[in-house]
Amino acid sequence: MTAQAQGIWAERAAVAQQDFKRLFWNEERGVMDQVVPCNGTCNDHWIYWWHAHVVDVLVDALERTEASEDEVLLERAFRGAKKWNDDTLLHNYYDDMEWMALALLRAYQKTGKSFYKEGVLELWEDIKTAWNDNMGGGMAWKKDQLDYKNTPANAPASILAARIYLMDRKEEDLEWALRIYQFNKERLVDPATGFVWDGMNRLGDGQIDYDWKYTYCQGVFIGAGIELYNCTGDESYLVDAQRTAAAAVKELVDSETGMLPREGNDDCGLFKGILIRYLVNLIHIQPDLSLPWVNLIRHNAISLWERGRSESGLFSLSWAGDPEPEVQLSGQLSGVMLLEAMAELERTGFLEPR
């Protein structure tokens with residue numbers, strides 16, 4: 001790589017993180033604001049899982065910089081999230097806890113601080129109570145709706161179980177990862193294409209929400225396949241992951257613009273960033289097949305930087321146009337994830353012509 005190629009995306013990711021902290025960090029609360037500009041009520045409805053991804057994004061920064069100030073802010077954001085979640089990591093939504101556990105596991109692996117691992121294991125014990133026999137098994141979405149089974153509660157749980165297995169080598173954790181993955185694949189993945197459906201029995205009618213087509217469902221199933229390959233060496237899991245990645249592009253990427261979709265605000269703002277995170281993992285695990293995914297990520301990142309970013313550093317939901325008048329934490333996180341993904345690909349040599 002040239003010197004220029006080594007640094008441009010790292011510089012942009014650094015700017016994005018600086019803008020993120022400047023615009024969203026609330027020093028008094030010790031967490032990020034949930035909307036910018038904040039009108040005084042932006043934090044009234046606490047959204048736990050957004051702050052799990054704050055932790056994840058701050059781990060991204062620490063991995064790139066190795067800076068002590070980034071490690072300090074990471075810990076502050078974690079402790080602030082716990083404080084504003086009634087001083088607990090536990091939650092009604094199983095998928096929200098899975099996101100926090102995944103972020104804390106990365107924080108532990110990066111810093112070695114035991115309290116992060118303790119949080120992971122506390123969450124994992126509670127997450128395991130999601131499994132029940134409604135709809136033939138699988139992880140429930142939340143504690144007061146145990147018969148609704150969806151990919152957001154199952155695929156991240158499989159990722160988490162696999163990563164905990166790789167950390168502690170307890171066979172029961174691998175068994176959990178395999179069992180959850182198998183349920184997700186059998187019940188919520190199109191056998192003809194590999195496209196991942198969101199969920200089933202949401203309304204108590206046993207039906208699958210075929211029209212709920214979201215990027216993050218594809219991302220987490222890809223991620224689960226990668227982790228199970230890491231655990232078992234069984235290449236069929238990578239076949240699944242590549243198949244789902246191809247289906248995601250066919251179904252969700254605009255064939256004319258090459259852009260991932262604008263899925264909406266609120267929780268939907270986070271979805272694309274999650275897909276990007278796991279596509280990067282797919283690139284690393286199968287570099288010989290990486291070019292389509294590298295090109296997709298690069299094209300979207302260039303558009304975000306050149307067209308979807310305001311002068312102050314706020315990101316649009318579309319990654320292709322002006323930011324909304326009020327920018328939510330969820331959407332800003334996705335933009336930061338995209339730029340950190342490019343910095344990682346640059347750092348590991350994937351932005352060279354291949």
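## Close-up views of two pockets and the helices around H2

**View 1. The second largest pocket has a lining of six nonpolar, three polar and 10 charged residues.** Welcome to a predicted model, starting with a pocket of about 390 Å³. Its lining is made by 19 residues, and those nearest the pocket centre are Asp60, Arg106, Arg277, Asn281 and Glu344. Four helices each bring at least two residues to this lining: H2, H4, H10 (271-285) and H12 (329-347). The top contributor is H10, which gives six residues.

**View 2. The largest pocket has a volume of about 620 Å³.** Here 30 residues form the lining, with Ile47, Trp49, Tyr93, Trp141 and Asp267 lying nearest the centre of the pocket. If you like to sort a site by residue class, this lining splits into 17 nonpolar, six polar and seven charged residues. Look for helix H2 (48-65), helix H4 (94-111) and strand S5 (145-150), since each of them supplies at least two lining residues. H2 and H4 may ring a bell, as they also each supply at least two residues to the lining of the second largest pocket.

**View 3. Helix H2 meets helix H10 in a left-handed crossing.** The contact involves Trp49, His53, Asp56, Val57 and Asp60 on the H2 side, together with Phe271, Ile274 and Arg277 on the H10 side. Sorted by class, this contact holds four nonpolar, one polar and three charged residues. The two axes come within 12 Å and cross at roughly 40°. The pair is therefore oblique. Some of these side chains link back to the pockets: Asp60 and Arg277 are among the residues nearest the centre of the second largest pocket, while Trp49 is one of those nearest the centre of the largest pocket.

**View 4. Helices H2 and H12 have axes that come within 10 Å and cross at roughly 25°.** Because of that angle, H2 counts as roughly parallel to H12. The crossing of H2 and H12 is left-handed. From H2, the contact uses Trp50, His51, His53, Val54, Val57, Asp60, Ala61 and Arg64; from H12, the partners are Leu329, Ser330, Leu333, Val336, Met337, Glu340, Ala343 and Arg347. By class, the H2 and H12 contact has nine nonpolar, three polar and four charged residues. His53, Val57 and Asp60 belong to this contact, and these residues of H2 also take part in the contact with H10.

**View 5. A cis peptide bond joins Val36 and Pro37.** For anyone checking backbone geometry, omega at this bond is about -5°. Pro37 sits in the loop between strand S3 (35-36) and H2.

**View 6. Glu66 has a positive phi although it is not a glycine.** The angle is about 60°. You will find Glu66 in the loop that runs between H2 and helix H3 (68-84).

Note on methods: Residues numbered from 1 in each chain as written. Predicted model: local features only at pLDDT ≥ 70, side-chain atom pairs only at ≥ 80, totals over all residues. Heavy atoms only, no water. 1 Å grid on protein atoms, 1.4 Å probe; cavity = no way out; pocket = protein on both sides within 12 Å on 5 of 7 lines; lining within 4 Å. Points joined across faces, edges and corners; volume = space filled by probe spheres on them. Nonpolar A, V, L, I, M, F, W, Y, C, P; charged D, E, K, R; others polar. Axes fitted to C-alpha atoms, helices over the stretch in contact; angles between N-to-C directions. Parallel < 35°, antiparallel > 145°, perpendicular 65-115°, else oblique. Left-handed = near helix turned anticlockwise from the far one by under 90°. Contact = heavy atoms within 4.5 Å.
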